[in-house]
Amino acid sequence: MKKIGLHDIRKEFIDFFKGKDHLHLPSFPLVPKNDKSLLLINAGMAPLKPYFTGEKIPPKKRVVTCQKCIRTADIDNVGKTDRHATFFEMLGNFSFGDYFKEEAIQWAWEFLTERLEIPEEKLWATVYLEDDEAYELWNKVIGLDSSKIVRLGKEDNFWELDVGPCGPCSEIYVDRGEKYGCGKDSCKPGCECDRFIEVWNLVFTQFDKDEAGEYHPLEHPNIDTGMGLERIAAVMEGADNIFEVEEIKKIINRVETISGMKYKEDSKVDVSIRVITDHARAMTFLVGDGVLPSNEGRGYVLRRLIRRAARHGKLLGIEKPFLKEVIEEVVESWKVEYKEIKDREEQIKKVIQAEEEKFQETIHQGINILEDYIDDILKNKEEYLDGEKAFKLYDTYGFPLDLTKEILEEKGLKVKEDEFNKLMEQQRQRARKAREEIADSGWKKGNPLEDITGYDVEFKGYDTLKVETEVLDIFIDGNKADNIEEGEEGIIILKETPFYAESGGQVGDIGIIENDSFRAKVVDTQYTKDESIIHFAKVEKGSLKAKDKVLARVDEENRRNTMRNHSATHLLHQALREVLGEHVNQAGSIVLPNRLRFDFTHYERVKEEELMKIERIVNEKILDALEVKVQEMPLEESEKMGVIGLFEDKYKDWVRVVQMGDYSKELCGGTHVENTSNIGLFKIISESSIASGVRRIEAITGKDVYEYLLELEEDIEKIGSIIKGNRKELVKRIENITEELKEKERQIDSLKSKMALSIVDDIIDSKRVINGVNLVTYNVENMDMNSLRDLGDKIRDRLESCLVVLASIKDGKISFVAMATKDLIEKGIHAGNIIREVAKVTGGGGGGRPDMAQAGGKDPSKVDEALNIVSTIVTSQIK
């Protein structure tokens, strides 16, 4: 058997099939394109589905790929076994109506026996029970002995979905030898033991299954094969499993170096090392393909992977963020095939480190709280954690449910998932309701838009702002009306319209509909559910009925301001990608006449200097006076141009492309300026977070920037007047005032310390002796956490041997501090455990080291009650 590693196997496979006249397509991204049925690419054929279904014509009838894949169905088993993995590469050769079974079987045999030099006696094949053709090919053409061809049923050797293309398959197995077997005479492929390992699946797509379950032969059958790269590498290297493959062992070695732990010496350590090793590959490629951590969809998959790996790092004793070091090993090894991960390495490490650090902030507190929950469950001899508590861990401390479940399972416990899911759904409904309330409009009471359908309104507003047209219909309060009179409000539907209906984030036009005897103010323009354009109007004069002729006129200033802002969002989008990275994608927008709001994917706050750079770039592109071109073209042509599409929408075959010079190209149905210079000026007003992994920028353009600058001028003048300094001295004067305030704060702190010292004697006088322990508990008035700690230090230093537990309420906030001297720690006193129980009485939480800990509380009325339980805890802790 040839000695060959993972990367060389990949190259051999691709080169072999290129030699068989196959077109090599590079791996598609893990994020499916125009396929909402898949969260992530999970098989080699998944991105080629449109070619199999006939939706698209393949670039060639013969194709070879090595496809990145992610499968998360067994994520909980990853690490626990050495078989499961979330990330893998799938080698595949495909035929779209070209060659069929004979070539697929012959070439698979040729590659395995001649290119990889696997001895023929080690190879076995399975075929579908009724597939005599495949059986004969293996037996007569390949010459495989009939005893080594196993017929299996539908469950094992027939690939199908509910309806559509399907067919039998043939799997190739490698016999690893008797030492891996079960010892039974009947042992062969299909057996549950580890002797026979399946390396290649050849799917013969020859039927089309209808809804009645009938199979119809396809006129042009297809071939879809898949061979797991890691699995065949394990076979070629003589490795027991994929984690023993040389390239993957390099990642394990890096984890060993970081953690100081050794693989294969402790089964629990092995689980953690395998989790980190596998998840590091998955997260590297996910972030490399533009996925960011979030609480939904594929972003949630990534968040689970990062947090699960981070938690297993903690179990190995790694206290600092470490994943970026493991990522470096992944990139170094896999850059040979995936150059993009090397190009994006810094970005990948930044995203993962930001998420890891975010988790680090809450993991200790979350785990402490979960451990308290576990103690309570075990104490009460129960089996389940309440869904409400699991939800609190998720909502407050960022613990994915799967992580809570995993920690519970280690203790033989479970979570009440139904309760958790109910609370999650309630949270979603609250969020949905809030969005609906924001979007609610008095015009939509009773939702009249549901009943308004079937109108073919021609939009002419790209080319003109006024149109002479005819009234098709009128609706008042959701009901069709014969006419609409002065003072009434309703919906007017026109045959043609220049009014842009709200869509793609751009608000609907406003303006006037009028004739000699009638005038109505259009206050909004919307689409109905079947995309008829309707105008919400308030009648100012006269009466109107169906078939009347009118002039429809868009408010020109309002439209032009909206166009400025819409074109600015395109420049902003591109500038964000340029400065922050290509992971930035639009996550929503609102384009109004007086401002724009742009939501985008990003993993951290945009720094001040980055915002300045983004703003500068947009203004430079405005000053460059770039021509704005609008073209309609086939979707495929726009993809070749590198046009950006938003929200992973499934676009129509014919799309509208808005291009600004050579700088920005986007699919867009909105209205835009003719030249970027028409935007005038661009100013970012704010940047904020709106959801996990989603940021928001609000900005203004044109005249609104000028008005904004005038207001700033006025504010500067007022500030100068208040602090008695002219504009040139303003910054220096504010710095001096700030320094003066800091000095006064230092003096105040000094006075506070002196005052605290004055009550030290009183506090010490309240000392009690419990089981030989000097115990001081005291509720101090109006002291923050820092001052409380200083006071505790002074008491502990004076008494030499003592346990000090202090509490204080300041501005409604409860602070607790506990401190223990070294001699008491040796007797069993633990400040962290004490403070946790004390804080619980007031509805709070916290913890810390045996010698020092702090906590917060919620119910000020229970502070004295909380301090009273300290003596009981001390008694239970003393050895």
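Helix 25 (residues 870–877) lies across strand 30, strand 31 (773–781) and strand 32, and its course makes about 155° with strand 31. The model described here is a predicted one. The strands under this helix belong to an open sheet of six strands, ordered 30-31-32-33-35-34, in which the pairing is mixed. At the edges of that sheet stand strand 30 (768–770) and strand 34 (845–848), each of which pairs on one side only. On average, neighbouring strands of this sheet are turned by 20° against each other, direction ignored.

Strand 34 runs antiparallel to strand 35 (residues 852–857), and four bridges join the two; within strand 35, Gly856 is the bridge partner of Gly845. Helix 23 also lies on this sheet, across strand 32 (803–810), strand 33 (813–820), strand 34 and strand 35.

A second open sheet is formed by four strands in the order 23-24-29-28, with antiparallel pairing. Its edge strands, strand 23 (586–591) and strand 28 (682–691), each pair on one side only, and neighbouring strands of the sheet are turned by 15° against each other on average, direction ignored. Five bridges join strand 23 to strand 24 (residues 596–601), and the partner of Val591 in strand 24 is Leu596. Helix 19 packs on this sheet, where it touches strand 28 and strand 29, while helix 17 lies across strand 28 and strand 29 (694–701).

The table lists the helices with their angles.

| Helix | Residues | Angle to a strand |
|---|---|---|
| Helix 17 | 608–623 | about 135° to strand 28 |
| Helix 19 | 703–723 | about 90° to strand 29 |
| Helix 23 | 831–841 | about 10° to strand 35 |
| Helix 25 | 870–877 | about 155° to strand 31 |

Conventions:
Residues numbered from 1 in each chain as written. Predicted model: local features only at pLDDT ≥ 70, side-chain atom pairs only at ≥ 80, totals over all residues. Heavy atoms only, no water. Pairing = 2+ DSSP bridges. Axes fitted to C-alpha atoms, helices over the stretch in contact; angles between N-to-C directions. Contact = heavy atoms within 4.5 Å.
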